[in-house]
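Okay, thanks for squeezing me in. I'll put the structure up and then talk through one piece of it.

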Amino acid sequence: MKIRFSGNVLPLSWLIKLWCRSKVSHCEFVFEDGTMIYPAVETGHVILTKQKRYTWEYTFDLAVSPEQESIVRKWAESQIGKPYDYTALAPFNVLIPRTKKFWKDPKQWMCSEFCAMGLDLIGINLFDDKFKKVKPSDLYRKLKECSVARELTKEEQKCILSTI
């Protein structure tokens with residue numbers, strides 16, 4: 001199982017990267033069969049897809065068992081259709097108040113909170129329950145420090161992309 005971080009040249013991607021002070025604006029689960037499940041800002045809800053490509057990609061391989069991947073996948077599939085949390089995109093939530101009190105609230109998802117919750121379900125607890133918001137840059141930094149996550153090299157990334 002992998003978590004892929006990405007960005008593209010679209011204006012919203014640039015705004016998210018600017019707000020997060022990050023090279024990434026999005027993240028998603030990529031399962032062993034190539035299926036990707038994530039909250040999609042462009043559709044407004046959690047979706048399942050394959051063969052999505054981005055301008056910039058950074059992938060973390062997660063050392064999890066097949067059973068753990070199955071738990072995350074079943075949970076992620078159960079979230080398909082849940083709304084995207086657009087209020088999480090507002091910097092500091094001054095102009096647009098956030099509808100979630102804490103990041104784990106399952107009513108709606110931002111991509112990074114969705115991925116962090118899936119990891120939390122299998123015991124990879126990266127954020128405190130009372131944490132307000134998990135941005136893509138927060139999750140990226142935590143995974144860089146996590147013992148079960150390894151960022152793929154550019155060469156490894158190219159091999160994966162050539163099979164998609």
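I'll start with one strand, go on to its partners, and finish with the nonpolar cores.

Keep in mind that this is a predicted model. The strand I want is β1, residues 2-7, and six of its six residues are buried. So what about the two faces? In a regular strand, side chains alternate between the two faces of the sheet. Here, Lys 2, Arg 4 and Ser 6 sit on one side of β1, with Ile 3, Phe 5 and Gly 7 on the other, and all of them are buried. Yes, that includes the lysine and the arginine.

Now, who are the neighbours? β1 runs antiparallel to β2, residues 26-30, joined by five bridges; in that pairing Lys 2 has Val 30 as its bridge partner. β1 also pairs with β5, residues 56-62, again antiparallel, over six bridges, and there Phe 5 stands opposite Tyr 58.

On to the packing. The largest nonpolar core has 33 residues, and Met 1, Ile 3 and Phe 5 are among those with the most contacts inside it, along with Phe 29, Leu 119, Leu 139 and Leu 143. β1, β2, β5, α2, α3 and α4 each put in at least two residues, and α3 gives the largest share, six.

Take Ile 3 as an example: leaving out residues up to four places away in sequence, its contacts include Phe 29 and Cys 27, Tyr 58 and Phe 60, plus Cys 115, Leu 119 and Leu 143.

One last thing: there's a second, separate core of five residues, and Val 30 is in it, as are Met 36, Ala 40 and Ile 47. That's the Val 30 that bridges to Lys 2.

Definitions and conventions. Residues are numbered from 1 along each chain as its sequence is written. This is a predicted model: local features need pLDDT of at least 70, side-chain atom pairs count only at pLDDT 80 or more; totals for chains, interfaces and linings use all residues. Side-chain values use heavy atoms; hydrogens and water are left out. Buried means under 20% relative accessible area, exposed over 50%, partly exposed in between (1.4 Å probe, protein chains only). Helices (H or I, at least four residues) and strands (E, at least two) are DSSP runs, numbered from the N terminus. Two strands pair if DSSP finds at least two bridges between them. A nonpolar core is a set of buried Ala, Val, Leu, Ile, Met, Phe, Trp, Tyr and Cys residues joined through side-chain atoms within 4.5 Å. Contact means heavy atoms within 4.5 Å.
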